[in-house]
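Hi everyone, thanks for making time for this. I'd like to walk you through one chain today, so have a look at it before we start.

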Amino acid sequence: AGHEEGVARLRAIPNVGPKMAAELIKLGVTRLEDTAGRDPDEMYHELCAKDAKRHDPCVRDVFAAVISYAEGVPARPWWEFTPERKAQEQTRAEGLR
């Protein structure tokens with residue numbers, strides 16, 4: 001029952017559905033508090049490494065939304081975190097030139 005309980009607890013978090021709850025559990029997250037202070041990019045890369053595939057970058061945005069919510073910021077839809085990620089990617093790309 002531990003896994004189902006974890007999934008149910010995670011699904012209570014805004015932006016988290018059954019699939020995302022399962023992804024969070026793979027990263028050792030079983031409650032909202034487990035994400036506070038984490039880095040969404042690191043979580044995304046860790047998940048991609050665990051699954052040996054590149055996940056949709058939107059997964060990273062959901063992680064960002066969950067972390068933000070865990071840190072006490074009112075819930076925002078995950079897609080509001082997409083421009084921030086794209087801006088960071090742009091900055092990194094420019095730094096590599």
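**A walk along the chain**

Let me begin in a loop, with N15: at 27% relative accessibility, this residue counts as partly exposed. The loop in question is the one between α1 and α2. The backbone is worth a look here too, since N15 has a phi near 80 degrees, a positive value in a residue that is not glycine. Please keep in mind throughout that we are looking at a predicted model.

There is another residue of this kind. A52, also not a glycine, has a positive phi of about 55 degrees. You will find A52 in the loop between α3 and α4. With a relative accessible area of 71%, A52 is exposed.

Now let's step back for the overall picture. How many helices and strands does the chain have? The secondary structure comes to 5 helices and 0 strands, so from the N terminus the elements simply read α-α-α-α-α. 

On size, a compact globule of 97 residues would have a radius of gyration near 13 Å, and the chain agrees with that at 14 Å. Along the principal axes, the C-alpha atoms fill a box of roughly 50 × 35 × 20 Å.

For contacts, take those with a separation of 6 or more: 43% of them are between residues 24 or more positions apart. As for burial, 35% of the 97 residues are buried. The chain exposes about 5700 Å², and carbon and sulfur atoms supply 55% of that area.

Let's go to helix α1, which spans residues 2-11. Which of its residues are buried? G6, V7 and L10 are buried there. They cover an arc of only 100 degrees around the axis, which puts them on the same side of α1. Turn to the other side of α1, and E4 and A8 are exposed. The cover over the buried residues of α1 includes α2, residues 18-26.

Helix α2 holds a residue I'd like you to click on, E23. Is E23 buried or exposed? The relative accessible area is 4%, under the 20% cut-off, so E23 is buried. Leaving out residues up to four places away in sequence, E23 touches L47, D51 and H55. L47 and D51 fall within the range of α3, residues 40-51.

Staying in that part of the chain, P57 is in the loop between α3 and α4, the latter covering residues 58-70. P57 is buried, with a relative accessible area of 18%. What does P57 touch, not counting residues up to four places away in sequence? The answer is Y44 and R85. Y44 and P57 are 13 residues apart along the chain, and their C-alpha atoms are separated by 7.9 Å.

Last stop, the aromatic rings. A pair of rings is described by the distance of the centres and the angle of the planes. The count comes to 1 aromatic pair. The rings of W78 and W79 have centres 5.7 Å apart and planes at 85 degrees, so the pair is edge-to-face. As for accessibility, W78 is partly exposed at 25%, whereas W79 is exposed at 52%.

One more ring to show you: R76 lies over the face of F81, 4.2 Å from the ring centre. That's my tour, and I'm happy to go back to any of these spots with you.

Notes. Residues are numbered from 1 along each chain as its sequence is written. This is a predicted model: local features need pLDDT of at least 70, side-chain atom pairs count only at pLDDT 80 or more; totals for chains, interfaces and linings use all residues. Side-chain values use heavy atoms; hydrogens and water are left out. Rings of Phe, Tyr and Trp (its six-membered ring) pair if their centres lie within 6.5 Å; planes under 30 degrees apart count as stacked, over 60 as edge-to-face and the rest as tilted. Buried means under 20% relative accessible area, exposed over 50%, partly exposed in between (1.4 Å probe, protein chains only). A charge sits over a ring if NZ of Lys or CZ of Arg is within 6 Å of the ring centre and within 35 degrees of the ring normal. Helices (H or I, at least four residues) and strands (E, at least two) are DSSP runs, numbered from the N terminus. The radius of gyration is taken over C-alpha atoms; the globule rule is 2.2 Å times the number of residues to the power 0.38. Contact means heavy atoms within 4.5 Å. Accessible areas come from the Shrake-Rupley method with a 1.4 Å probe; for residues, only the protein chains shown count as cover. The arc is that of the directions from the helix axis to the C-beta atoms.
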